[in-house]
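Welcome to a short tour of one protein chain. Have the sequence and the 3D view open side by side, and let's walk through them together.

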Amino acid sequence: MKREGGGRIRKPKKKVCHFCVNRVDNLDYKDSGLLRKYTSERGKILPRRISGNCAKHQRHVTVAVKRARAIALLAYTG
């Protein structure tokens, strides 16, 4: 929580899982455009607290990114 100028405590906005909201059932490792959204500019997979994914979909994103890296759709480094 952060304090604002007037002494009020501001609660950070809750992030929602993109996949749960759009009811995405399966995440494809071939969709490199979507997977780039969940990697940093250096090529690292973004954590849940930054990406806003739920635990289930974060695991799916991690597996998909690793598969895409293995077949050279995504780079290991940025």
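Let's start with Leu 34. Leaving out residues up to four places away in sequence, Leu 34 touches His 18, Phe 19 and Leu 27. Please keep in mind that this is a predicted model.

**The core around Leu 34**

Leu 34 belongs to the largest nonpolar core, a set of ten residues. The other members are Cys 17, Phe 19, Leu 35, Tyr 38, Val 61, Ala 64, Val 65, Ala 68 and Leu 74. Two elements give two or more residues to this core: helix H2 (32-36) and helix H4 (55-70). Of these, H4 gives the most, with four residues. Phe 19 is thus worth a second look, as a core member that is also touched by Leu 34.

**The chain as a whole**

Stepping back, the chain has two strands and four helices. Read from the N terminus, the order is β-β-α-α-α-α. The radius of gyration of the chain is 16 Å, well over the 12 Å that the globule rule gives for 78 residues, so the chain is more spread out than a compact globule. The C-alpha trace spans about 55 × 30 × 15 Å along its principal axes.

How much of the chain is buried? Buried residues account for 23% of the 78 residues. The chain exposes about 6,200 Å², and carbon and sulfur atoms supply 51% of that area.

Turning to contacts with a separation of 6 or more, 49% of them in this chain join residues 24 or more positions apart. As for charge, the chain carries 21 positive and 5 negative charges, and the mean positions of the two sets are 8 Å apart.

**Two buried polar residues of H4**

Helix H4 also holds His 57 and Gln 58, next to each other in the numbering. Is His 57 buried or exposed? His 57 counts as buried because its relative accessibility is 8%, under the 20% cut-off. Beyond its neighbours within four places in sequence, His 57 is in contact with Cys 17, Phe 19, Cys 20 and Val 24. Among these partners, Cys 17 and Phe 19 are members of the largest nonpolar core.

Gln 58 has a relative accessibility of 11%, so this residue counts as buried too. Which residues does Gln 58 touch, not counting those up to four places away in sequence? They are Ile 45, Leu 46, Pro 47, Arg 48, Ser 51 and Asn 53.

**From Gln 58 to helix H3**

One of those partners, Ser 51, sits in helix H3 (residues 48-51). Ser 51 is buried, with a relative accessible area of 18%. With residues up to four places away set aside, Ser 51 touches Tyr 38, Leu 46 and Gln 58. Tyr 38 is one of the core residues, while Leu 46 is touched by Gln 58 as well.

**Loop and tail residues**

Arg 23 and Asp 25 both lie in the loop between helix H1 (18-21) and H2. Asp 25 is exposed, with a relative accessible area of 76%. Arg 23 counts as exposed at 72% relative accessibility. The backbone at Arg 23 deserves a look: its phi is positive, about 55°, although Arg 23 is not a glycine. Most residues other than glycine have a negative phi.

Ala 72 is another non-glycine residue with a positive phi, near 65°. Its place is in the segment after H4, and with 64% relative accessibility Ala 72 counts as exposed. Ile 71 is found in that segment after H4 too. At a relative accessible area of 49%, Ile 71 is partly exposed.

**Some distances to check in the viewer**

Here are three residue pairs with their separations along the chain and in space.

| Pair | Apart in sequence | C-alpha to C-alpha distance |
|---|---|---|
| Asp 25 and Lys 37 | twelve residues | 18 Å |
| Ser 51 and Leu 73 | 22 residues | 21 Å |
| Ile 71 and Arg 48 | 23 residues | 24 Å |

To place these pairs, recall that Asp 25 is in the loop between H1 and H2, Ser 51 is in helix H3 and Ile 71 is in the segment after H4.

Definitions and conventions:
Residues are numbered from 1 along each chain as its sequence is written. This is a predicted model: local features need pLDDT of at least 70, side-chain atom pairs count only at pLDDT 80 or more; totals for chains, interfaces and linings use all residues. Side-chain values use heavy atoms; hydrogens and water are left out. The radius of gyration is taken over C-alpha atoms; the globule rule is 2.2 Å times the number of residues to the power 0.38. Buried means under 20% relative accessible area, exposed over 50%, partly exposed in between (1.4 Å probe, protein chains only). Contact means heavy atoms within 4.5 Å. Accessible areas come from the Shrake-Rupley method with a 1.4 Å probe; for residues, only the protein chains shown count as cover. Lys and Arg count as positive and Asp and Glu as negative; His and the chain ends are not counted. The place of a charge is taken as NZ of Lys, CZ of Arg, CG of Asp or CD of Glu. A nonpolar core is a set of buried Ala, Val, Leu, Ile, Met, Phe, Trp, Tyr and Cys residues joined through side-chain atoms within 4.5 Å.
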